[in-house]
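Colleague: I have this model open and would like to check a few of the words used for it. Could you take me through them?

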Amino acid sequence: MDSKEYWKQNAAMPKGRLKGDQWLPRHIENIPPNANVLELGCGEGYDTQYLLSKGCKVISTDLSQDHLDKTKETILRMPKVIGETIDSQLMLLDLTSETDWKKFADSCYDVVVASLCLHYFTPQQTRQIIKEIKRVLKPNGKLFARINSTNDLEHGANDGTPIENENNFRLTKDGTKRFFNKHDIQKFFGQFGGIDTAVERTELYGRKQTKKVLWEISATSDKLID
Ligand SMILES: C[S@@+](CC[C@H](N)C(=O)[O-])C[C@H]1O[C@@H](n2cnc3c(N)ncnc32)[C@H](O)[C@@H]1O
């Protein structure tokens, strides 16, 4: 099954990620009010909802129209719906597509948010995606991201088979998944020049509230190097 079809089917499954997920609240002091935010892989729109409630302007993107529809439903459930222009806040973006990234101009966003969507890709794709994030961020802009850890054993860190002898990039029953250790974070996010924080956390995730071990990363674009 290709990844579009996988995420279409995934969107149809009930989830309920995160009552009480504190990951973005931990960073809100570093997100200016009225910030222009580009959210990648927005899923059901929980982070979109939080950011809108804090006064940010958010463009929510995803590979799957079904997830964008879920995000729209999440926004519409907010007590005060923000603006009449919800559809223009939602955009299809395949992170691996050069053409899709061209929809986004250079140096436009104060913040890029990417929760659990940067860890499905080949080394080349991962580097290219991080380069695009760097391109669309304003100088001094921030990236906040969460990615799988190599210790994420309940979510496939040891499952399936390594791809091209890369032990931390695996073909699992849910498709390709990358798992990061400290070295991998430096290897891929090192093009930011300086990562502000990279903290490994254990969270409860999804409808079944399984243990998920992940890295939470923040980085600032004025520290970027080519
Ligand atoms: C695990 S979910 C995370 C959703 C949400 N950010 C969250 O934290 O709840 C991964 C999301 O990444 C999206 N995704 C997967 N591959 C993608 C790609 N190539 N380009 C853009 N989004 C992608 C999926 O459609 C899905 O919404």
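Colleague: What makes H1 and H3 roughly parallel to each other?

Modeller: This is a predicted model, in which local features need pLDDT of at least 70, side-chain atom pairs count only at pLDDT 80 or more, and totals for chains, interfaces and linings use all residues. Residues are numbered from 1 along each chain as its sequence is written. Helix H1 (residues 3–11) packs against helix H3 (residues 65–76) at about 30°, with the axes 8 Å apart. Angles under 35 degrees count as roughly parallel, so H1 and H3 earn that description.

Colleague: Which residues in H1 and H3 meet?

Modeller: From H1 come Trp7, Lys8 and Ala11, and from H3 Asp66, His67 and Lys70; contact requires C-beta atoms, placed from the backbone, within 7 Å. The residues of this contact are two nonpolar, one polar and three charged, where Asp, Glu, Lys and Arg count as charged.

Colleague: Why is strand E2 called largely enclosed?

Modeller: A residue is buried if 20 or more other C-beta atoms lie within 10 Å of its own. Five of the six residues of E2 (residues 57–62) are buried, so the rest of the structure largely encloses this strand.

Colleague: How do you know that E1 and E2 pair?

Modeller: Pairing takes at least two bridges found by DSSP. Strand E1 (residues 36–40) and E2 have four bridges, in the parallel sense, so they pair by that definition. Asparagine 36 stands opposite lysine 57 in E2.

Key: Axes are lines fitted to C-alpha atoms, for helices over the stretch in contact, and angles run from 0 to 180 degrees between N-to-C directions. Helices (H or I, at least four residues) and strands (E, at least two) are DSSP runs, numbered from the N terminus. Angles under 35 degrees count as roughly parallel, over 145 as roughly antiparallel, 65 to 115 as roughly perpendicular and the rest as oblique. Two residues are in contact if their C-beta atoms, placed from the backbone, lie within 7 Å. A residue is buried if 20 or more other C-beta atoms lie within 10 Å of its own, exposed if 12 or fewer, and partly exposed in between; C-beta atoms are placed from the backbone.
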